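Got the viewer open and a selection box ready? Here is a walk through the model, one stop at a time.

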2 protein chains.
Amino acid sequence: MVMRPTVNDLAREAGVSLATVDRVLNARPGVRAKTIDAVNDAIQRIGYVRDVAAANLARRRNYRLAFVLPDTDSQFLDAMVATLRRGSAVAILSRTVMELVRFPPEDPHVLAAILAGLAGQGIDGVAVMAPETPVLRDAIRALHAAGIAVVALVSDLPNTERDHFVGIDNRAAGRTAGVLMGRFLQDKTRSVAVLAQSMQLSEAVERRAGFDEVMQRDAPGVEVLPSLETHGAVSLLRQVMGDVLDARPDIGGIYITGIGQRALTEVLAERGMTGRIVVIGHELTDHARDALLRGRMDAVITQNVGHVMRSALRVLRAKIDGVPLDDSQEQIRIEIVIRENLPGV
Amino acid sequence: MVMRPTVNDLAREAGVSLATVDRVLNARPGVRAKTIDAVNDAIQRIGYVRDVAAANLARRRNYRLAFVLPDTDSQFLDAMVATLRRGSAVAILSRTVMELVRFPPEDPHVLAAILAGLAGQGIDGVAVMAPETPVLRDAIRALHAAGIAVVALVSDLPNTERDHFVGIDNRAAGRTAGVLMGRFLQDKTRSVAVLAQSMQLSEAVERRAGFDEVMQRDAPGVEVLPSLETHGAVSLLRQVMGDVLDARPDIGGIYITGIGQRALTEVLAERGMTGRIVVIGHELTDHARDALLRGRMDAVITQNVGHVMRSALRVLRAKIDGVPLDDSQEQIRIEIVIRENLPGV
DNA sequence: GAAGAAATGAGGGGCGTACCTCAAAAATCA
DNA sequence: TGATTTTTGAGGTACGCCCCTCATTTCTTC
């Protein structure tokens, strides 16, 4: 039987009353510095650790977290939303409610207004996935000033006062894609195309940089063509891809930095080129999973959406409670997925 | 403010007293079937979910878990042990103590005796990593009969009454290694060596099978040589490897199914062959990490030891409490690690 | 319909902590 | 030294649940 010391043990050990221990533990005023030290010493001696469960019970503490995501139509975001919904059921058991808020991706001011609104609503923490803009920086500073924990999700906001970033290093992810591309390419390949159907976030740029870096080093003979950007229009993508493939029959691989996997693999399949060109992309969406199984994609670099969500949740709670977090657990892996290590549904 | 229904709400809704609700919730005798149904209906209607934290507090519940690991000298097991120790500090906060028990890997009867001893010690759950033997099967059956939750760790025990398996599908892991090997190999390669320095577990066999399967499909022109088994003796390994490399200068890749990465990469380095032979192995130990960074290994297929431990802990607690678990969270990934996506320390 | 058995209700004490009030003790200041 | 302020102690109530006892009600059975 394990018997953790309680506040009563602590009071006895420190030679003070329960009330004083309580004052020290909860940083209430009216205690001499000397007494505070005595209690802290006792805490060290007997190894007292507050029973968070009991404390939360007594406090009737609820954590209110807001997940602020762009209102973009992509399978990746759909997966995030679905994961969030499923996670809510579990989170409620640990007295935390997760609220989903979406914002129109094109207007940073609307996002800023939404965040500003959150501050007055008794929200304890915010996880936000958005491109960094000046108004966003200001909005996050305001949240921070209001004592609200903020984490950046998927896409980092390095120049803001966010408390933490939950996601992967996209440059490293791009480098990983580059290494695989370099090794998967046939020897005769002379060029590789890059499809940068961006989600307006900085991801695409960073991934491309990492990819280029490695390709230059590992496959110096291969030309990495300029990014094809088609801003979401599927028909346009199909046409542009068709043109490029016609113009450059020496293309041996295609790297998809953002979304648009589906349209691309369809174009390739229609042209009977499936399996003849190495296709590497990001994010294990339903379609990417299907493409891997059918041999329409060769590898997917991804981050586990479930881990991202759970990590964000843990980090926010830790920040709110002011307790340290286990960094090794919160590190999101850059996962390489091929058909053979595809996780089950 | 979120207000979860409490037992009081439940009693009111069901039209019974608190005492009866308590009897139903805790399966105490002396309640008519009709009343039980009434309470269960009310639970459904108002969506009552027991506050586990409060319940555990009232019960003064402690979870005692035993992690039973072989006393093998390998970096992988060292990592497991280290992770376990670090995890204990966190686990104690959720009223669970994790005890480490090690057994001599050569004698299954000692292991069985240890497990039998555990049953009488008030242990609630056991995580065991061991090869499946008849005595082990019996021991696990006995634990199960005693109401103790059992999970298999890293190496599955499919024909026992274990409640769950925490780890990866080793055949799929071998297939993953095979795909990478096939794609990483130079075109001129005619053969690949396999080093099966086994930990006595079934892993090596399963991985080899998966590896062969894929190599035959993807690289039919490459001969996969018979496994080199050297049962842990480093000097022997060095010699055997040297002989093989001399005899077969056409070896283009080496697959290490178990331990022995260090000795192998050293042999290759001494012979100036680093980078000229594709080396793929399993488990991201400190040495594997170092080898990846130095270009002495090309890829490592691994499972995250931290995830394995935490998953085992969650699964055991869930089984003990009799609550369902989130399968998607408990699925251990087959991770592919190359230099570029190597997670930080 | 009465006696016995079974089911239900009422209530108390406790788990470890938070938060509050009021009185008593100690320190500080003039 | 006495008055004032600050610090400390004592004790109560609550959180949501567990577990126990004892009285009361309801159901069986003959």
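Let's start at Met297(B). Leaving out neighbours within four places in sequence, the residues in contact with Met297(B) are Gln261(B), Thr265(B), Val279(B), Gly281(B), Ala288(B), Ala291(B) and Leu292(B). Keep in mind as you click around that this is a predicted model.

Is Met297(B) buried or exposed? Count its surroundings: there are 27 C-beta neighbours inside 10 Å, so Met297(B) counts as buried. To find the spot in the fold, colour chain B by secondary structure and look in the loop between helix H12 (286-293) and strand S10 (299-302). Now draw a distance from Met297(B) to Lys319(B): these two sit 22 residues apart along the chain, and their C-alpha atoms are separated by 40 Å.

**Next stop: chain A as a whole**

Hide chain B and show chain A as a cartoon. You'll be looking at 14 helices and 11 strands. Taken along the principal axes, the C-alpha atoms fill a box of roughly 85 × 45 × 35 Å. Chain A has 345 residues, and 43% of them are buried. If you take the contacts in chain A between residues at least 6 apart in sequence, 72% of them join residues at least 24 apart.

**Two helix pairs in chain A**

Select residues 7-14 and 33-46 of chain A, which are helices H1 and H3. How do their axes cross? They come within 9 Å, at an angle of roughly 115°, and H1(A) passes H3(A) in a right-handed crossing. Turn on side chains to see who meets whom: Asp9(A), Leu10(A), Glu13(A) and Ala14(A) come from H1(A), while Ala38(A), Val39(A), Ala42(A), Ile43(A), Arg45(A) and Ile46(A) come from H3(A). That contact has 7 nonpolar residues, 3 charged ones and no polar ones.

Now jump along the chain to H8(A), residues 170-184, and H9(A), residues 203-218. Their axes come within 6 Å and cross at roughly 40°, which means that H8(A) is oblique to H9(A). The crossing of H8(A) past H9(A) is right-handed. On the H8(A) side, pick out residues including Gly174(A), Ala177(A), Gly178(A) and Met181(A); on the H9(A) side, residues including Arg207(A), Gly210(A), Phe211(A) and Val214(A). By class, this contact splits into 9 nonpolar, 5 polar and 8 charged residues.

**Last stop: the DNA**

Bring chain B back and select DNA strand C. Which residues come closest to strand C? Of the 24 that surround it, look for Thr6(A), Ala55(A), Ala58(A), Thr35(B) and Ala58(B). H2 and H4 of both chain A and chain B each supply at least two residues of this surface, with H4(A) giving the largest share, 5 residues. The surface near strand C is made up of 12 nonpolar, 6 polar and 6 charged residues.

Switch the selection to DNA strand D. There are 24 residues around strand D, and Ser17(A), Thr20(A), Thr35(A), Thr6(B) and Ala58(B) come nearest. The elements giving two or more residues here are helix H2 (18-25) and helix H4 (52-59) of chain A, along with helix H2 (18-25) and helix H4 (52-59) of chain B. For strand D, the largest share belongs to H4(B), with 5 residues. Colour by class and you should find 12 nonpolar, 6 polar and 6 charged residues near strand D.

Definitions and conventions:
Residues numbered from 1 in each chain as written. Chains lettered and ligands numbered in written order. Predicted model: local features only at pLDDT ≥ 70, side-chain atom pairs only at ≥ 80, totals over all residues. Near = placed C-beta within 6 Å. Helix = DSSP H or I, 4+ residues; strand = E, 2+ residues; numbered from the N terminus. Nonpolar A, V, L, I, M, F, W, Y, C, P; charged D, E, K, R; others polar. Axes fitted to C-alpha atoms, helices over the stretch in contact; angles between N-to-C directions. Parallel < 35°, antiparallel > 145°, perpendicular 65-115°, else oblique. Left-handed = near helix turned anticlockwise from the far one by under 90°. Contact = placed C-beta atoms within 7 Å. Buried ≥ 20, exposed ≤ 12 C-beta atoms within 10 Å, placed from the backbone.
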